[in-house]
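User: Can you walk me through this protein model? I'm new to reading structures, so keep it relaxed.

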Amino acid sequence: MASYSTAYEIVRGHEGGYQDMPEDLGNYNSLKQNVGTNWGVNAQVYERFLGRPPTQGDMMNMSRETAQQIFKRG
């Protein structure tokens, strides 16, 4: 069985870094704003983590450590 670290690195390899493609529905918060995704964490998941709709700045400034916390929570 793969460890969390191995699995996270695979996801990060495909999803690492910020992007805000309009056609990616995962980029939109509950206010229908395209705020993007970062480190493989989409806007809806980050919104649940923050307890409020994320802004584009929130998403762009998400640390790798925060993304790892989110992934670990499942």
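**A pair of rings, two helices and a bridge**

Analyst: Let's start in helix α2, home to both tyrosine 46 and phenylalanine 49, which sit three residues apart, about one turn of the helix. Keep in mind that this is a predicted model.

User: How are the rings of tyrosine 46 and phenylalanine 49 arranged: stacked or edge-to-face?
Analyst: The ring centres of tyrosine 46 and phenylalanine 49 are 6.1 Å apart, with 15° between the planes. Planes under 30 degrees apart get one particular label. So this pair, the one aromatic pair in the structure, counts as stacked.

User: Is tyrosine 46 buried or exposed?
Analyst: Check its relative accessibility, which is 7%. The cut-off for one of those words is under 20%, so tyrosine 46 counts as buried. Its partner phenylalanine 49, at 25%, is partly exposed. For tyrosine 46, then, the word is buried.

User: Which elements give two or more residues to the largest nonpolar core?
Analyst: That core has nine residues in all, including Trp39, Tyr46, Met59 and Ile70. The elements giving two or more residues to this core are α2 and α4 (64-73).

User: How do α2 and α4 lie relative to each other, roughly parallel or roughly perpendicular?
Analyst: Two packed helices are described by the angle between their axes and the distance between the axes. Here the axes of α2 and α4 come within 11 Å and cross at roughly 90°. Angles of 65 to 115 degrees share one label, so α2 and α4 are roughly perpendicular.

User: Which residues of α4 meet Val45, Tyr46 and Phe49 in α2?
Analyst: Tyr46 and Phe49 are the stacked pair from before, and here they turn up with Val45 on the α2 side of a contact. On the α4 side you'll find Thr66, Gln69, Ile70 and Arg73.

User: Which residue forms a salt bridge with aspartate 58?
Analyst: Side chains of opposite charge can pair when their charged atoms come close. A search of the whole structure turns up one salt bridge. Its closest N and O atoms are 2.7 Å apart, inside the 4 Å limit. The partner is partly exposed, at 38% relative accessibility, and its name is arginine 52.

User: How far apart in space are leucine 31 and proline 54, C-alpha to C-alpha?
Analyst: Leucine 31 is in the loop between α1 (4-15) and α2 (43-50), and it counts as exposed because its relative accessibility is 54%. Along the sequence, leucine 31 and proline 54 are 23 residues apart. In space, their C-alpha separation is 9.4 Å.

Conventions. Residues numbered from 1 in each chain as written. Predicted model: local features only at pLDDT ≥ 70, side-chain atom pairs only at ≥ 80, totals over all residues. Heavy atoms only, no water. Salt bridge = Lys/Arg side-chain N within 4 Å of Asp/Glu carboxyl O. Buried < 20%, exposed > 50% of the residue type's maximum accessible area, 1.4 Å probe, protein only. Helix = DSSP H or I, 4+ residues; strand = E, 2+ residues; numbered from the N terminus. Core = buried A, V, L, I, M, F, W, Y, C linked by side-chain atoms within 4.5 Å. Phe/Tyr/Trp six-rings, centres within 6.5 Å; stacked < 30°, edge-to-face > 60°. Axes fitted to C-alpha atoms, helices over the stretch in contact; angles between N-to-C directions. Parallel < 35°, antiparallel > 145°, perpendicular 65-115°, else oblique. Contact = heavy atoms within 4.5 Å.
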